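Reader: Hey, I've just opened this one and could use a walk-through. Can you put it up so we can look together?
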Amino acid sequence: MKRDNKTTVSEFLLLGLPIPPEHQALFFTLFLVMYLATVVGNLLIILLIRMDSRLHTPMYFFLSHLALTDISFSSVTVPKMLMDMQSIHKSIPYAGCMSQAYFFIWFGSVDILLLTLMAYDRYVAICQPLHYATVMRQEKCVSLVSVSWVFCSLRSLLHTLLLVRVVQRDNKTAVSEFLLMGLPIPPEHQGLFFTLFLVMYLATVVGNLLIILLIRMDSRLHTPMYFFLSHLALTDVSFSSVTVPKMLMDMQSIHKSIPYAGCMSQIYFFIWFGCVDNFLLALMAYDRYVAICHPLHYVTIMRQEKCVSLVSASWIYCSLRSLLHTLLLVRVSFCEDITIPHFFCELPVLLKMSCSDVSLNEWVLFIEVGIAVFLPFFTIVGSYIRIWATVLKDPSAKRFFKVLSTCGSHLLVVSLFYGSIAEVYFFSSPSISSNKYIAASVMYMIVTPMLNPFIYSLRNRDIKQALKLFANRMKSCSSNNFI
């Protein structure tokens, strides 16, 4: 259950470029000019594409992302290289080396996929010009680029975590796995609760995937509100899938363990999807605020490219946030007791189990939570204060019920999500038993994602109509096949 004791490093020494000392200044100037030209040139391309509506085509959309990745890719290594050319001690901290490896693989992979997408775009434009507008439609291009960014992020995370296993920071015994206590369920009730949680998980997956399918199929739902809702459904499926399948496996197993790399990965994805959920709920509140308080400017403010940019920024920021916490957690060492009093790997619990200094982790967690949790929460509260202030300026029963029907589903989801999280992280105290703590975790991790599709489908007229249309299509297809 333990790894061997090995001597490991806290930093690495870089040899740098093989340049004679007398030529250092010349090459430093040369590389500095090249780097500035890279940044300025690519930023100019992005700016021109954004400003000129004639360049709002798939080819230039891919080119703008290629320019962004070129800047990012160069910035991973070149500034550090230039600093080392002016320094005698050319070293890089352990965390800095791991971060550099992560971003180098991420941006390099995205660059390759973007070049592939640009080649495919040229193939369609030249070989199938009559079908170009249909094949390379905007939503498909956005999906391809988004998938490229997310896939490459996961790929770089995989290689970084594998590298972390090879290189340990501290000269201490490191654990190879953790033991999970699981849910506090009596043995005679294991079968019943296993069936219950399995049904809830399947309902979460099927319900949220159905929401995504309905939004994709029905053109009437191609609006900002439902665009955000489709991403919320995707994160709900992903958020539950981080912990529930493992929990179900442990309920049928005697040895409830999780590998070290698996625990780090679980924390990464748990923070990532939970963070995206927060931001999506805030974006949906902002969308409702614009729709009710600025209805005449709604199309201008909530234009498609802005919505895509907001969602993409949420996914990318949350990915970097979870990477930060994961890399900081990798730094710490663990004592002899490796039993986690929970059914999944949770960051605060692991920090309490550590036998090394975790003050940096706690400070980063304390400061960063203000951005990732409180900022979206206050955005939601502020949006609804403005909404009800607008409604009360001209009060009428008809307008009140219209606003309630428009915002009711979102308010209910927000209340469930933030209410259960507050119960776990803010209103809990050491006197509260771990069983109640785990029960609250089950609420926001399993119950809330399952209820979201039912809340939106039962309270939303557009979703009901799309569901009826989908059911009619399925009936017609089945009857045609039968005939």
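Reader: Let me jump right in: is Ile455 buried or exposed?

Author: Ile455 is buried, with a relative accessible area of 9%. Keep in mind that this is a predicted model.

Reader: Why does 9% count as buried?

Author: Because the cut-off for buried is under 20% relative accessible area, and Ile455 comes in at 9%.

Reader: Okay, and where does Ile455 sit?

Author: In helix H14, which covers residues 434–459.

Reader: What does Ile455 touch, if I skip its neighbours within four places in sequence?

Author: With those set aside, Ile455 is in contact with Ser409, Leu412, Val413 and Leu416. Take Val413: the C-alpha atoms of Ile455 and Val413 are separated by 7.6 Å, and the two are 42 residues apart along the chain.

Reader: Let me zoom out. How many helices and strands does the chain have?

Author: There are 15 helices and five strands. The chain has 483 residues, and 46% of them count as buried.

Reader: And what share of the contacts comes from residues 24 or more positions apart?

Author: They make up 81% of the contacts in the chain with a separation of 6 or more.

Reader: On to the strands. In what order do the three strands of the open sheet come?

Author: The order is S4-S3-S5, with mixed pairing.

Reader: Which strands are at the edges?

Author: Strand S4 (257–259) and strand S5 (339–340) are the edge strands. Each has a single partner strand, so one side of each is left without a neighbour in the sheet.

Reader: Does anything pack on that sheet, and if so, what?

Author: Helix H8, residues 260–293, packs on the sheet and touches S3, S4 and S5. The direction of H8 makes about 85 degrees with that of S4.

Reader: You said mixed. Which way do S3 and S4 run, parallel or antiparallel?

Author: S3 (residues 177–180) and S4 run antiparallel, joined by three bridges. Phe178 stands opposite Ile258 in S4, and Leu179 stands opposite Ser257 in S4.

Reader: What about S3 and S5, parallel or antiparallel?

Author: S3 and S5 run parallel, and two bridges join them. On that side, Leu180 stands opposite Ile340 in S5.

Reader: Switching to helices: how do H3 and H10 meet?

Author: Helix H3 is residues 94–127, and its axis and that of H10 come within 10 Å, crossing at roughly 145 degrees. The crossing of H3 past H10 is right-handed.

Reader: Which residues make that contact?

Author: From H3 you have Tyr94, Met98, Ser99, Tyr102, Phe103 and Trp106, and from H10 there are Ile316, Ser319, Leu320, Leu323, Leu327 and Val330. Sorted by class, the contact of H3 with H10 has ten nonpolar residues, two polar ones and no charged ones.

Reader: Ser319 caught my eye. Is Ser319 buried or exposed?

Author: Ser319 is buried, with a relative accessible area of 1%. This serine lies in helix H10, residues 304–330.

Reader: Which side chain makes a polar contact with that of Ser319?

Author: The side chain of Ser153, through a polar contact of 2.9 Å. Apart from its neighbours within four places in sequence, Ser319 is in contact with Tyr102, Ser153, Tyr268 and Trp272.

Reader: One last spot: where is Val76, and what does Val76 touch?

Author: Val76 lies in helix H2, residues 58–85. Not counting residues up to four places away in sequence, Val76 touches Gln100, Phe103, Phe104 and Phe107. The C-alpha atoms of Val76 and Phe104 are separated by 6.3 Å, with their positions 28 residues apart along the chain.

Reader: And is Val76 buried or exposed?

Author: Val76 is buried, with a relative accessible area of 14%.

How values were computed
Residues are numbered from 1 along each chain as its sequence is written. This is a predicted model: local features need pLDDT of at least 70, side-chain atom pairs count only at pLDDT 80 or more; totals for chains, interfaces and linings use all residues. Side-chain values use heavy atoms; hydrogens and water are left out. Two strands pair if DSSP finds at least two bridges between them. Helices (H or I, at least four residues) and strands (E, at least two) are DSSP runs, numbered from the N terminus. Contact means heavy atoms within 4.5 Å. Axes are lines fitted to C-alpha atoms, for helices over the stretch in contact, and angles run from 0 to 180 degrees between N-to-C directions. Buried means under 20% relative accessible area, exposed over 50%, partly exposed in between (1.4 Å probe, protein chains only). A polar contact is a pair of N or O atoms within 3.5 Å; within protein, one must be able to donate a hydrogen and the other to accept it, and residues adjacent in sequence count only if both atoms are side-chain atoms. A crossing is left-handed if the near helix is turned anticlockwise from the far one by less than a right angle, and right-handed if clockwise. Ala, Val, Leu, Ile, Met, Phe, Trp, Tyr, Cys and Pro count as nonpolar, Asp, Glu, Lys and Arg as charged, and the others, Gly among them, as polar.
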